[in-house]
Amino acid sequence: MDTQPVHPDVFIHVRIIVGMVLGLSLTRLVAGLTRFVQHPARERIYPIHMGWVLFMFLAIIHFWWYEFGLSAIRHWTFELYLFVILYAVLFATIASLLFPDRMEEYSGYEEYFQSRRRWFYGFLALIFLVDMADTAFKGTEHFRSLGIEYPIRQTLFAICSIIAIFVASKTYQMVFVTVGLIYQISWILRLFNIMS
């Protein structure tokens with residue numbers, strides 16, 4: 001195993017690019033949320049949509065924090081660099097799906113979200129699965145440090161997302177986003193309250 005330290009500029013370069021993409025994602029969510037303040041009579045809050053907005057806001061911040069673990073990677077390849085960038089792009093894609101550029105053809109966020117439900121949950125499932133590969137890149141020891149709960153969590157979130165692609169039940173979606181949001185907050189507080 002190579003013990004040569006990675007040049008510090010490599011991680012800084014990757015961190016800057018990832019930060020730019022995630023910054024755009026957060027900007028999209030914040031700008032979308034301000035629409036409800038700017039146009040309260042026109043923009044009506046849809047609870048399922050809003051739940052996923054809050055979930056993704058936390059997920060993006062958590063991902064940004066979590067990616068500090070990339071500093072432990074000894075050998076950067078273009079493939080790994082591209083993988084990390086594309087992973088960050090998934091967050092930007094979901095943020096754009098949650099707040100589209102135009103809403104004129106929809107009566108509101110409920111109609112819009114349900115019409116794009118399959119795309120949203122498809123990308124959400126992909127994020128949970130890609131996250132496991134991203135975690136594996138940080139090393140076996142890092143992956144194991146998260147315990148058995150981590151792969152079970154990721155798999156269950158992905159399965160629930162896939163079910164939501166095919167099951168149009170709004171009750172299911174509301175339970176999923178509510179439990180998911182509570183669990184996400186618990187997960188962050190329990191495992192990532194300090195930088196390790």
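Here are three short exercises on this predicted model, each with a worked solution.

**Exercise 1. Serine 161**

Task: Find which helix holds serine 161, and decide whether serine 161 is buried or exposed.

Solution:
- Start with the helix: serine 161 sits in H7, which covers residues 149–166.
- Next, take the relative accessible area of serine 161, which is 0%. Buried means under 20%, so serine 161 is buried.
- Finally, look for its partners beyond four places in sequence: serine 161 touches Tyr121, Leu124, Ala125, Phe128 and Phe176.

**Exercise 2. The largest nonpolar core**

Task: Work out how many residues the largest nonpolar core has and which helix supplies the largest share.

Solution:
- The largest nonpolar core has 51 residues, and Trp52, Phe55, Phe91 and Tyr121 are among those with the most contacts inside it.
- Helices H1, H2, H3, H4, H5, H7 and H8 each give at least two residues to this core.
- The largest share, 11 residues, comes from H3.
- Another core, of five residues, lies apart from this one and includes Tyr66, Met132, Tyr150 and Trp187.

**Exercise 3. Leucine 58**

Task: Place leucine 58 in its helix, classify its exposure and list its contacts beyond four places in sequence.

Solution:
- Leucine 58 belongs to helix H2.
- Its relative accessibility is 26%, so leucine 58 counts as partly exposed.
- Beyond its sequence neighbours within four places, leucine 58 contacts Leu181, Gln184, Ile185 and Ile188.
- Now check one pair: leucine 58 and isoleucine 188 are 130 residues apart along the chain, yet their C-alpha atoms are separated by 8.8 Å.

Key: Residues numbered from 1 in each chain as written. Predicted model: local features only at pLDDT ≥ 70, side-chain atom pairs only at ≥ 80, totals over all residues. Heavy atoms only, no water. Helix = DSSP H or I, 4+ residues; strand = E, 2+ residues; numbered from the N terminus. Buried < 20%, exposed > 50% of the residue type's maximum accessible area, 1.4 Å probe, protein only. Contact = heavy atoms within 4.5 Å. Core = buried A, V, L, I, M, F, W, Y, C linked by side-chain atoms within 4.5 Å.
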